[in-house]
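Colleague: I'd like to go through this predicted model with you. I'll keep asking how you know things.

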Amino acid sequence: MDDFLKFALLGIGIGAIYGLTAQGLVLIFLSSRVLNFSQGAIALVAAYAYSEATRAGAPLGVAALAALLIAGALGAVIELTVMRPLRHASTITRLVATIAVLTVIQSVAALYYGDATQFVGGLLPTTPLRLSGTLLIGTDRAIVLAIGILVTIALTWYVRRTRLGLATLGTAENPVAVEVLGWSSRRVSLVNWVMGATLAGLAGVLIAPMNGISVTGMGQIVYCALAAALIGGFRSFGWAMGGGLVLGVAQAEAVRIHGDVGWSTAIPFIVIVAAILIRGDVIRGRGGRREQLPAVGTGKVKPLLVLVCVVLVGGLSLLLGHSALDAFSTSLIIALIGLSFVVATGYAGELSLAQYALAGIGALVAAKAAADFGVPFVVALLIGALSGLISGTIVGILSLRVRGDVVAIISVGLALALQALVLENPSLTGGISGISVPSPSLFGISVDAVQYPERFALVCAAVLVVCSLVVANIRRGASGRRMLATRSGERAALSLGISTRGARLYGLAVAGALAGTAGALLAFRQPTVVFSGFTVDASMTLLGAVVLGGVGYLAAGVLGGFAVTGGFVYYLMSLSGLQQFLPLILGLALLVNLVTVPDGAIPANARLLAVLTRRLRPISPSPRTRRPSGRNTVLPPAIAAHESSARPGETLTLAGLSVEFGGIRALHDVSMTIEPGRVEGLIGPNGAGKTTLIDAVTGITRGYTGRISLGAAAIDRLSPAERARKGLGRTLQGLELFEELTVRENLIVGSDARAWRAYATDLVHPGRATMSSAALDAVERFGLTDDLDVLPGALPYGRRRLVAIARSIAARPSVLLLDEPAAGLSATERVELGELIREMADSWKIAVLLVEHDVDLVMRICDHITVLEYGKVIAHGVPEVVRENDEVRRAFLGQEATV
Ligand SMILES: Nc1ncnc2c1ncn2[C@@H]1O[C@H](COP(=O)(O)OP(=O)(O)OP(=O)(O)O)[C@@H](O)[C@H]1O
């Protein structure tokens, strides 16, 4: 017990520092919704500033104050120059921007101070305080704890009692509302960045005398701080400090029990997983924020380009000298990890920072398989890929309950745990001596990287080409579209029958397999493989390089492998002794790129190239910029119904449906039946429960009572995607089109069959992407033919609505639930929409539920109408009866004479 307390007291100081850093993260997150990975770098700057000032003879207090001022100013600079221009960018882009800031600061510090740990005198006395008997605590640690408690009280008071603090909390919920109330969300963000950075500075000044200052060491604080902030859901300062203390104490205890730092490094991961299991989706998002996601390539393979690359790689393999070839092969291998980022982050939208760690697992398993069991090289590669696939799937399973930015935290935690417990565990990996692997051979021919570097380079190139083709296939196939749809909007994807969990898992699993393959190849790059390089920092640097090119572009993944340390560019720079500047150049280029062309250099240059070549010959512009035809939106005359477009109609029956949201009865005992070929109107004032009804029927809202059946079968136990696959289609009030896909691809996503086997078959043969006959009918009927190759964002609102309806029709629903489809349409478009809905029911025999505020439209086209008020049915019947109902007039129609 005595030992337990002694170690607990030892961990309190560092725990409070984690807590302070975490509180800074929370402040910044609340106001700008970004996980600031550069928090540790700000602490580093403050620590060096403090050290420099003390060396220059400044009194310790003055030095500390100067350091805090510098940290705060740095926060302001980051906010003004990086985060502000990126305030509308995606979560991924903004998070990568903080990684770029981290890279720049760390590279400058590394260039100036090198790797060595610097020690500096402390502001606080270190004399031990006797608590009781043999229990001692350093005065400095006790003071740091007291500072932590005081800061927690001050911050809690700030967000609860001050107007600026309340605006900060408000900004986290709804920045628009805060603007409406007269606060500038920019100012709120700036102030909080300054305060958050100052807290990081305080942590840096306090930790410097305890642990010394080193570039890599200081960056590590942020990982523990992220875990601590996660415990408080990135909202509570008390929980963030408590979480920091628990982490600090748990780490000290882990050292006591295990005697090394392995388990202590893994503690944050255990805490992160526990927080997610207990709290679910721990970070609450801002409702309704539509992010501009990174653009994606088409995945089209240009045979000529492939040929040129093959000739280039073959030629270089034959021409280059030994060390150049080694760097070249390394780049080809790292390009595979780059591709893994394209699949995980570019396609699936999952920000995994564990890709290098997964490569490390691939390397370890392949090396062990070859060294201990003598498996041939090819089999070792396959085993490496498989172990990466399994590890990637584990990242995916852990991430299923959370979204984008939390996935980054989970993956960092997992990577650190894998690093500490597996990759840096000498009993598994042989420590600094590593594992000796047998010389690789292929079909009896040696491909030893030392003896025959050109052959090894050709093997790496062949693996890269095959993997690139696989990734291109995925992009062009149904599995790629499922991932992109999921990335773009989960509700819309679910409403089309896509298992969004399946798509996310698939992305991370494939990415894991790519990383594992890379690891296996790396294991054979030298006669002995060591495992110290598979770090989170390496993942961050490579992700930055891939984002620089465009994370949704296959070529960016490949080129990324050439840009990072140890790669070919690094080698070329080393010829003139400039290689140490590479990380700084990459970081700066990434920052400039993110702020100016967030989609990346590849799409930006493709557009530039298109503009230039257009001067020479007329070419069609890229989908992002192409404008719609501008033709009027009047629909062509009705076409003959294509019986093949519709699946057999089914009757939707709701019996006693009730939904409650924390005491609010959104729906109360609602029953209705919608038959094939009929249009049922659902009207009611705002908040009556109409969307809730659609959400319950489609399974988005789960906690309802009552029974919903499609045909004779109850569907209550089915997931939203399963319900959609059974024939329940819907449109969403906010449309939620897949903005990064063209209109054609939106419709193809709707048309795609949902068979699981596509996940396997797409790898080799994605097949032709075609629209269903229902989608073709809708295109023709809505006059969308000229708009098929534009991005939805280029269309006027009315046409976007038509695309959304066409997309749901593409899935050939037997029941279609339309949520305010006429909102925002012109009078002519409303008339046309009415005709179309009637036609869907009359010709295609779809059962249609129409939720609409346009009462004229509802009265005109519906066969039957149900009226809701406060979640209860107050009237139902044919339009003429409902029109005359006094209660309806009172409750909803406002006694309008026209009703
Ligand atoms: N997720 C939720 N959590 C808590 N309350 C909710 C939630 N969703 C809806 N509500 C509440 O349920 C009630 C019904 O809302 P709903 O959006 O279904 O109404 P509606 O008839 O579709 O309104 P509108 O015409 O404005 O779209 C409202 O009081 C709303 O505030």
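Colleague: What makes α27 the element that gives the most to the shell around the ligand?

Modeller: A residue joins that shell if its C-beta atom lies within 6 Å of the ligand, and α27 gives three such residues, the most of any element. The elements giving two or more are α27 (690-698) and β8 (664-674). Among the residues around the ligand are I664, A666, K690, T691 and T692.

Colleague: How do you know how many residues of that shell are polar?

Modeller: By sorting them into classes: six are polar, four nonpolar and one charged. Gly counts as polar here, and the shell includes G684, G687 and G689.

Colleague: Why do you say β1 lies largely in the open?

Modeller: A buried residue needs 20 or more other C-beta atoms within 10 Å of its own. Of the five residues of β1 (residues 128-132), zero are buried, so the strand lies largely in the open.

Colleague: And what makes β1 and β2 a pair?

Modeller: Pairing takes at least two bridges, and β1 has four with β2 (residues 135-138), in the antiparallel sense. R130 stands opposite L136 in β2. Two residues sit between the strands of this hairpin, where G133 takes a positive phi near 45°.

Colleague: Which residues does A67 touch, and how do you know?

Modeller: Contact means C-beta atoms within 7 Å. Leaving out residues up to four places away in sequence, A67 touches A46, A49, Y50, A53, G201, G204 and V205. A67 is also one of the residues with the most contacts inside the largest nonpolar core, along with A46 and A806; that core has 306 residues.

Definitions and conventions: Residues numbered from 1 in each chain as written. Predicted model: local features only at pLDDT ≥ 70, side-chain atom pairs only at ≥ 80, totals over all residues. Core = buried A, V, L, I, M, F, W, Y, C linked by C-beta atoms within 7 Å. Buried ≥ 20, exposed ≤ 12 C-beta atoms within 10 Å, placed from the backbone. Contact = placed C-beta atoms within 7 Å.
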